[in-house]
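Reader: I'm new to this one and would like a friendly walk through it. Could we look at it together and take it piece by piece?

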Protein chains: 2
Amino acid sequence: MTQNGTATTTPLPKAGGVVISVDAMGGDSGPATVVAGIAQFLAKAPDARILLHGRQDVLRPLVDKRRISSQVTLCDAPDVVAMSDKPSHVMRNGKGTSMWSAIESVREREAQVCVSCGNTGALMAVSMMRLRKIEGVNRPAIACLWPSRNASGFNVMLDAGADIRADQDDLLTYALMGASYARNGMGITRPRIGLLNVGVEEHKGRAELKVAHELIARAAPGADFEYVGFVEGGDLPSSRIDVIVTDGFTGNVALKTGEGTASLISELLREAFRKTPLSRVAALLAMTSLRRLSKRIDPRRVNGGVFLGLNGTVVKSHGSADALGVAAALKLAHRLAKSGFSDKLAARVAAFSAFTPEPGTTDAPEVDDKKG
Amino acid sequence: MTQNGTATTTPLPKAGGVVISVDAMGGDSGPATVVAGIAQFLAKAPDARILLHGRQDVLRPLVDKRRISSQVTLCDAPDVVAMSDKPSHVMRNGKGTSMWSAIESVREREAQVCVSCGNTGALMAVSMMRLRKIEGVNRPAIACLWPSRNASGFNVMLDAGADIRADQDDLLTYALMGASYARNGMGITRPRIGLLNVGVEEHKGRAELKVAHELIARAAPGADFEYVGFVEGGDLPSSRIDVIVTDGFTGNVALKTGEGTASLISELLREAFRKTPLSRVAALLAMTSLRRLSKRIDPRRVNGGVFLGLNGTVVKSHGSADALGVAAALKLAHRLAKSGFSDKLAARVAAFSAFTPEPGTTDAPEVDDKKG
């Protein structure tokens, strides 16, 4: 089946339905949580099949207990990528791991999409090495969903941390890939794109951002998105954009800052409601409304960063995801696989790189100082 | 009084008490809001005196209306720095502005500290040009307070956006200055410092962060702070650190992301409480508790980024601050002036640069590959 995996249950149907390759090990919460999440997901997705990669002796009882063996095929992989493993180490020595094996299933076209809760750096490194970048993409990116004031409830932000840097051309590619994700994954015909900066004024920010600003503005008409210009951190949940483009360092810090702020506030809120007898009564009365709010901003509901720019779709779930989080990541993977997103994105980026001048050449100064 | 300002009211006492130089113009909310904030502040600070810079014909009636003229000296400055003005433009043409005039009062030692709600870039540029950097500081920084789980309720983060980049030596300086601010401004004897990164593992992040990690760790014992290592965006409100060090681009995005997230949640919370009759009753019952929470995370209460690394203290208040926000910034300025913070910080940085080897030289590889 894969290099290391051996199918041991129901053989998969050759055609029809979505097949998701899942790395069962490597998350902080362990394989029992992953299997619980799969069971939650499968209950609502009867057409889906799962290739489950990991230690068979561990996974077999978990799958049997959940009574999902008719939809799940086990692929034995003896090793596990630890959260602390360096990506370079995993690339050299990771062939026996469940992560590697799960990605291999996508490479071999046995599954349309791969889901893992493991070490992000290693997942990206192995995905890049085995699936390869698509033409026109120098740095792949992770796109994540951000709770927003838009009707859909979410904005897309990329790069959320696939790479720690991005130059002007990468930022342009992120805009193209982000637009494609918003269009195909969220049904937004003409996504509005913003470039994250420290101010909305055109003279602000790093040099590469000013160049990216020009490149993205020029690309917008031909690539079916609207460019709204620079946006700030406060615009991440804004209803005037659908996609926010930034480098992976900034995006990762922003993502974790947003999550940290939300969790501080909900902690303080719980404290506030416990404070007095009156507030405890209030908490009871408001419970339904508060649950609705909490669901709206629950990171587990939007769990699943998507790697963009590779030959194949890989969904990274939170390392600390619980069963609900794993189920959400699987649901996202299912939707993307069904829409044929990976091929559509590749076609969009390829079309764009074929018809535009080399990035950079368009930015040669137009005034010759010697003549002026 | 200053280059452009002319004192027109009570002359200031030569000695004793704190004198705060305030830029009355340039904020989004206008001078009436600034004067209202001054009145709020002065009601609780009878020892303070204000030098108020701006258009006298506008300010005179506002000051008279608030009956604060015994503590306020007007300094006429005809021009205003707009939020959209480029810093370079203000540096060349800003001599007649209230911002310039306010900074000049600190330079001339007529006031111990300056407060402005105006254009951050211009305020930093003019402050740097007129007050000059202290010895040992290459890039000054803005330190801001971040709501946290610590007993004080706050952590310090710097740089919040004075500069858009910082190299390894700047990050070390930020650690020294941040520790000094936490010690003198917040009374934390041995501040715990974290360096913001995309992961806590030592092999993660950009090259300059890995070097800064080493430099700060080595500086810690001699500079009276504890270095806790790399931290992530989610640690900004953490109780295991007091000071978070990062470059100004990342810091600015993080700050605005945190504020944006908090404001999204409080919006959704208000919505949730309006949703049903039951939740509206709950809102009434929980009002006191919710107000307490809202006060805890209200950015206006911690309003005031402090410029660190200059000969003189400058407090930047939010451009959109209301009277409460302006009063908070004045209170912070008052506390810093009283503690003699500016001189203490300069002494700390100078002592450190005098007794340590040139940064960088300590990072030469200790193993000679040719011999190994």
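Reader: Where does Asp159(B) lie?

Author: A quick note before we start: this is a predicted model, where local features need pLDDT of at least 70, side-chain atom pairs count only at pLDDT 80 or more, and totals for chains, interfaces and linings use all residues. Residues are numbered from 1 along each chain as its sequence is written, chains are lettered from A and ligands numbered from 1 in the order written, and side-chain values use heavy atoms, leaving out hydrogens and water. Helices (H or I, at least four residues) and strands (E, at least two) are DSSP runs numbered from the N terminus. With those names in hand, Asp159(B) lies in the loop between E6 and helix H6 (168-186) of chain B.

Reader: Is the peptide bond from Leu158(B) to Asp159(B) cis or trans?

Author: Omega is the angle to check here, and for Leu158(B) to Asp159(B) it is near 0°. In chain A, Leu158(A) and Asp159(A) are joined by a cis peptide bond, with omega about 0°, and Asp159(A) sits in the loop between strand E6 (154-158) and helix H6 (168-186). For the bond in chain B, the word is cis.

Reader: What is the phi of Arg132(A), and is it positive or negative?

Author: Look in the loop between helix H5 (120-131) and strand E5 (141-147) of chain A, where Arg132(A) is found. Arg132(A) is not a glycine, yet its phi is positive, at about 70°.

Reader: Which rotation superposes chain A on chain B?

Author: Copies are superposed by least squares on the C-alpha atoms of residues with pLDDT of at least 70 in both. The fit of chain A on chain B has an RMSD of 0.0 Å, with 0.0 Å of shift along the axis, and the rotation is 180°. The two copies are thus related as by a two-fold rotation axis. As for the contact residues of chain A (contact means heavy atoms within 4.5 Å), 100% of them recur in chain B, so the same surface serves both copies. The rotation you asked for is 180°.

Reader: Which residue of chain A comes closest to the rotation axis?

Author: Go by the C-alpha here: the closest approach of chain A to the axis is 2.1 Å. The residue is Ala282(A).

Reader: Which strands stand at the edges of the sheet in chain A?

Author: Two strands pair if DSSP finds at least two bridges between them. The open sheet of chain A has 11 strands with mixed pairing, in the order E3-E2-E1-E4-E11-E10-E5-E6-E9-E7-E8, and its twist averages 25° from one strand to the next. An edge strand has a single partner, so one side of it is left without a neighbour in the sheet; these are strand E3 (72-76) and strand E8 (226-231) of chain A.

Reader: What is the bridge partner of Val115(A) in E11(A)?

Author: Strand E4 (residues 113-116) and strand E11 (residues 313-316) of chain A run parallel and are joined by 4 bridges. Val115(A) is bridged to Val315(A).

Reader: How many bridges pair strand E7 of chain B with E8(B)?

Author: Chain B has an open sheet of 11 strands too, with mixed pairing. Strand E7 (residues 192-196) and E8(B) pair there in the parallel sense, and Leu196(B) has Val231(B) as its bridge partner. The count of bridges is 5.

Reader: At what angle do H1 and H11 of chain B pack?

Author: Axes are lines fitted to C-alpha atoms, for helices over the stretch in contact, and angles run from 0 to 180 degrees between N-to-C directions. The axes of H1 (residues 31-42) and H11 (residues 323-339) of chain B are 7 Å apart, and the angle is about 55°. That makes H1(B) oblique to H11(B), because angles under 35 degrees count as roughly parallel, over 145 as roughly antiparallel, 65 to 115 as roughly perpendicular and the rest as oblique. So the packing angle is about 55°.

Reader: Which residues of H2(B) make the contact with H1(B)?

Author: The axes of H1(B) and helix H2 (residues 56-66) of chain B come within 10 Å and cross at roughly 35°. From H1(B), the contact is made by Pro31(B), Ala32(B), Val35(B), Ala36(B) and Ala39(B). From H2(B), the names are Val58(B), Leu59(B), Leu62(B), Val63(B) and Arg66(B).
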